[in-house]
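Here's a quick briefing to read with the model open in your viewer. It goes through the sheets, then the domains, then the charged pairs.

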Amino acid sequence: MTTPPLTINELIDLERYPLDRPDSDEYAALLSECRAHLRSEGCMVVSGFVRPEAIEVLVAEADRVAGAAHRSYNDTNIYFSADDESLPKSHPRRRFYRRSNAFVPADNFRADSPLRAIYEWAGFMPFIRAALEEPEDRFFRYGDPLADVIINVVDAGGGFPWHFDTNNYTVTLAIQNGDAGGAFEYCPGLRSSADENVPGVQAVLDGDRGPVRTLDLQPGDLQIFRGRYALHRVTPVEGDRTRYVGIFSYADAPGMVARVERTRQLYGKVLPIHLERENARREDMLAD
Ligand SMILES: [Fe+2]
């Protein structure tokens with residue numbers, strides 16, 4: 001016997017977070033809180049966004065698809081840039097950290113996927129867009145059938161070393177924590193578009209805890225994060241329990257898909273649409 005999929009009201013705590021009532025005062029208050037946090041420190045956590053009773057359904061889904069995670073490793077500095085031998089050895093650009101990735105591609109979720117149900121629910125994307133204060137004509141659900149909704153799988157010893165994001169924002173849902181470790185640490189505004197603040201960045205890499213804030217995200221917490229100016233990391237996960245985080249992706253144009261090379265690297269495969277788009281890009285001679 002199969003149980004029917006959860007309704008959106010069973011998944012999201014709509015009493016606390018009225019995404020289904022965008023004209024209400026409560027919605028306006030929630031939005032202004034999100035915007036204030038995102039403006040001041042580039043981070044907003046919507047605690048208990050997914051109801052506690054729905055978490056086990058999300059965990060069951062993650063357990064079911066975790067085996068399909070593609071594992072890849074790379075050594076990267078905090079900027080994801082190349083080494084520069086003209087700089088001193090201590091420079092952040094010259095420090096490389098091992099990063100292990102394990103992402104479950106989006107095509108592993110069943111039609112009744114609760115994670116996808118949240119992503120595709122009509123009330124979700126407009127809320128994220130409004131919280132990030134992105135213009136309506138520059139914010140769309142990602143068109144990539146392997147990457148629009150994914151799960152990051154982290155086993156003991158895994159995490160993410162310090163880095164700045166190359167994308168403007170990240171939207172994640174905590175599904176399951178490891179037994180210990182796996183804390184999200186970030187340094188709001190450690191650099192800006194005008195100032196790389198190399199001394200400050202170097203200090204954090206050397207252990208300065210002054211600018212570091214720590215978030216202990218719990219299953220069901222939705223996090224909206226601007227990681228371009230905030231150095232951040234996930235500390236190593238400890239214990240037998242796997243850490244699962246759902247990642248919702250957006251793009252500034254409709255129907256966007258990722259490049260072939262990046263898709264292969266992150267998911268270990270590509271779909272016909274990736275190859276078709278790559279060929280189209282080649283034909284029009286544009287760089288991207
Ligand atoms: Fe990041």
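**Sheets, domains and salt bridges**

Let's start with an open sheet built from four strands, which come in the order 6-12-9-10 and pair in the antiparallel sense. Strand 6 (160-163) and strand 10 (213-215) sit at its edges with a single partner strand each, so one side of each has no neighbour in the sheet. Keep in mind that this is a predicted model. There's also an open sheet of seven strands, and the chain is assigned a domain 1 and a domain 2.

**The four-stranded sheet**

- Going from one strand to the next in the 6-12-9-10 sheet, the twist averages 15 degrees.
- Strand 9 (residues 184-187) pairs with strand 10 over three bridges, in the antiparallel sense.
- If you want a residue pair to click on there, Tyr 186 has Arg 213 in strand 10 as its bridge partner.
- Helix 6 (residues 198-205) lies across strand 6, strand 9 and strand 12 (231-234). Its angle to strand 12 is about 20 degrees.

**The seven-stranded sheet**

- This open sheet runs in the order 1-11-7-14-5-3-2, again with antiparallel pairing.
- Which strands are at the edges? They are strand 1 (43-46) and strand 2 (70-76), and each of them pairs on one side only.
- Neighbouring strands in this sheet are turned by 30 degrees against each other on average, with direction ignored.
- Strand 5 (residues 149-154) and strand 14 (residues 243-248) are antiparallel partners over six bridges. Here Val 153 stands opposite Tyr 244 in strand 14.
- Strand 3 and strand 5 also pair in the antiparallel sense, over two bridges. Along this pairing, Phe 103 faces Asn 152 of strand 5.
- Moving on to the edge, strand 2 pairs with strand 3 (residues 97-104) over seven bridges, in the antiparallel sense. Tyr 73 is found opposite Ser 100 in strand 3.
- Helix 5 (residues 124-132) lies across strand 7 (170-176), strand 11 (222-225) and strand 14. This helix runs at about 40 degrees to strand 11.

**Where the two domains meet**

- The domain assignment puts residues 8-256 in domain 1 and residues 258-288 in domain 2.
- Taken over C-alpha atoms, the centres of domain 1 and domain 2 are 24 Å apart.
- How many residues are in contact across the two domains? On the domain 1 side there are 14, and on the domain 2 side 13.
- About 1,100 Å² is buried between domain 1 and domain 2, and carbon and sulfur atoms give 57% of that area.
- Seven residue pairs are in polar contact across the interface of domain 1 and domain 2, counting pairs with both residues at pLDDT 80 or more.
- Strand 2 gives the largest share of the side of domain 1 that touches domain 2, namely three residues. That's the strand listed above as an edge strand of the seven-stranded sheet.
- One salt bridge turns up across the interface of domain 1 and domain 2.

**Charged pairs**

- As background, side chains of opposite charge can pair when their charged atoms come close.
- Over the whole structure, the search gives 21 salt bridges.
- One pair to look at is Asp 107 with Lys 269, a salt bridge whose closest N and O atoms are 2.9 Å apart.
- Asp 148 forms a salt bridge with Arg 116, and here the closest N and O atoms are 2.8 Å apart.
- Why does the Asp 148 and Arg 116 pair tie together separate parts of the chain? Asp 148 is in the loop between strand 4 (140-141) and strand 5, while Arg 116 is in helix 4 (residues 114-120), so the pair links parts that are 32 residues apart in sequence.

Key. Residues are numbered from 1 along each chain as its sequence is written. This is a predicted model: local features need pLDDT of at least 70, side-chain atom pairs count only at pLDDT 80 or more; totals for chains, interfaces and linings use all residues. Side-chain values use heavy atoms; hydrogens and water are left out. Two strands pair if DSSP finds at least two bridges between them. Axes are lines fitted to C-alpha atoms, for helices over the stretch in contact, and angles run from 0 to 180 degrees between N-to-C directions. Contact means heavy atoms within 4.5 Å. Domain bounds come from an automatic or database domain assignment. Buried area is the accessible area (1.4 Å probe) that two parts lose on being put together, summed over both. A salt bridge is a side-chain nitrogen of Lys or Arg within 4 Å of a carboxyl oxygen of Asp or Glu. A polar contact is a pair of N or O atoms within 3.5 Å; within protein, one must be able to donate a hydrogen and the other to accept it, and residues adjacent in sequence count only if both atoms are side-chain atoms.
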